[in-house]
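Let's take a relaxed walk through this protein chain. Have a look at the structure below, and then we'll start with one small spot and work outwards.

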Amino acid sequence: MPRILICDDEEGILRYLSKLFKTQGYTVETFSSGTALLARLTTASKEPVDLLLQDVRLPDINGIEILKQVHQLRPNMPVVVMTAHGTVDDAVHAIRLGAYDYVMKPFPKEKILGVLARALEHRRLAEENRRLREELQRDDDVPMVFTSAKFRQVYDLTLQVAASEANILILGESGTGKELIARTVHSNSLRRAKPFVSLNCAALTDSLLESQLFGHVRGAFTGAVMNQKGLLEEADGGTLFLDEIGDVSAAVQAKLLRVIQEKEFIPIGATRIKTVDVRFVAATNRDLHQDVAQGRFREDLYYRLNVISLTAPPLRERPEDIEPLAQHFLRRFAARMKKELHGIDSEALRCMERYHWPGNVRELENVIERAVILAQGRLLTAELLPVCNRKQPSVLPEAAPPVSLEELERRHILGIYRQSSGHKSKTAEILGISRKTLDRKLAEYGA
């Protein structure tokens, strides 16, 4: 049962509350001074504490000071403050410092029991959310799936540089697993106990991107009804992954450079400087070196981010990885959809190994997910795979004239765009790229 601590210098209150709570099944410990309470919380006791009910005025230590120390000792424990008429201002101050709620003496038993029930439910939900976040973090730490020597080189280099504090730039086409490489860097670094925060820069307008990164204060712009922490603060002590960094505007580039160089920034609409300790890992499918030469990307920011570079090879250059990746996705989606699927037949595997995968691993994942949804037997067959059932071959025959990779990509994107009847959001989802990237590609193709 929940364990409740009560701290009050009135013996009558302690006896009354102790008896009341014990009749409700709670385990109760009482203290008549702040010193005794803090001594109890300082000891490494095996019994967890679920809630503290504390008088705001105590004879030995100010109740507000006790609250500050309690939050340092047990930051996740809810505190309910008891107050008399003359100390309401202290109770309001306690709420601002993080107390869950306050009750005013004298209080009926229904009132105090209701506040307690809500506070304990709040703690239960917070603990449940914490466990869920830990489970999600464990899911993010699933090792990369590969057998090819080409990807082995990238993986070994990733582990080698992870322990450093250097910023990293990950290069590669869309869908090659750049974010997975970034997560591997973080989970093998000294920052692994701190947050890994990811942001797709291509998915947001400049104003939204700035707000997401730097945060804002209330009234900074229309709709800013409250203070909002940015992802830089969320990632403090950990790693910030900036995907599609090549799509960031010149104004945001300048602000990012200051953060990287000075480790400080100013939220939108604020006047006070904030400092952060963040490791930056950025990724792009663009040729940033060429963008620097053409003035589209700041040279100083490029060199700040590109202390170490890793290149994720496209899937067509590591065909040995197609089968293990497809089997991995099959197991994952079959378990999620509760389907009895035992593998992929040989014809489907041969078909996938012949296909050139312009959308890379993300496209393969989407293809397998679709096949699992449609599957009715125990094997995934070629009929379930759209890459095996196209009227035009996905790979040009040997006798055909050579075509550049850029041309293959153009044909594939325009083909999917036509098959989707010009529906951009659907096209971007199938290709595994952002809507902003698709718009840019279509503009280049004059479509």
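## Starting in the middle of a strand

Find Q54 and look across: V81 in β4 stands opposite Q54. Keep in mind as you look that this is a predicted model. The two strands involved are β3, residues 51-55, and β4, and they run parallel with 4 bridges joining them. To get from β3 to β4, the chain travels through helix α3 (residues 63-73), and this β-α-β crossover is right-handed.

What stands opposite V81 in β5? That's Y102. Here too the strands run parallel, with 4 bridges joining β4 to β5.

## A strand covered on both faces

Is β4 mostly covered or open? Mostly covered: 5 of its 5 residues, 79-83, are buried. In a regular strand, side chains alternate between the two faces of the sheet. In β4, one side has V79, V81 and T83, the other has V80 and M82, and all of them are buried.

## A second sheet to find

Now hunt for an open sheet of 5 strands, in the order β7-β8-β11-β6-β12, with parallel pairing. Its edge strands are β7 (196-200) and β12 (308-311), each of which pairs on one side only. If you ignore direction, neighbouring strands here are turned by 20° against each other on average.

Zoom in on β8 (residues 239-243) and β11 (residues 279-284): they run parallel and are joined by 4 bridges. One pair to look for is T239 with its bridge partner in β11, R279.

## A helix and the glycine after it

Helix α1 covers residues 11-23, which makes 13 residues. From its first C-alpha to its last it reaches 18 Å, close to the 18 Å expected at 1.5 Å a residue. Which residues of α1 are buried? They are I13, L14, L17, S18, L20 and F21. Just after α1 comes G25, with a positive phi of about 95°.

## Odd backbone spots in the loops

Two residues have a positive phi without being glycine. For E244, phi is near 55°, and you'll find E244 in the loop between β8 and α10 (250-262). For K263, phi is about 60°, and its place is in the loop between α10 and β9 (264-265).

Are these two buried or exposed? E244 has 7% relative accessibility, so it counts as buried, because the cut-off is under 20%. K263 has a relative accessible area of 38%, so it is partly exposed.

There's another loop worth a stop, the one between β5 (101-104) and α5 (109-140), where P106 sits. A cis peptide bond joins K105 and P106, with omega at about -10°.

## Stepping back

Time to zoom out. The protein chain has 18 helices and 14 strands. Its radius of gyration is 29 Å, well over the 22 Å that the globule rule gives for 447 residues, so the chain is more spread out than a compact globule. Along its principal axes, the C-alpha trace spans about 95 × 55 × 45 Å.

How much of the chain is buried? Buried residues make up 45% of the 447. As for who touches whom, take the contacts between residues at least 6 apart in sequence: 69% of them join residues at least 24 apart.

Conventions
Residues numbered from 1 in each chain as written. Predicted model: local features only at pLDDT ≥ 70, side-chain atom pairs only at ≥ 80, totals over all residues. Heavy atoms only, no water. Pairing = 2+ DSSP bridges. Axes fitted to C-alpha atoms, helices over the stretch in contact; angles between N-to-C directions. Expected span 1.5 Å × (residues − 1). Buried < 20%, exposed > 50% of the residue type's maximum accessible area, 1.4 Å probe, protein only. Right-handed = clockwise from strand over helix to strand, strands pointing away. Rg over C-alpha atoms; globule rule 2.2 N^0.38 Å. Contact = heavy atoms within 4.5 Å.
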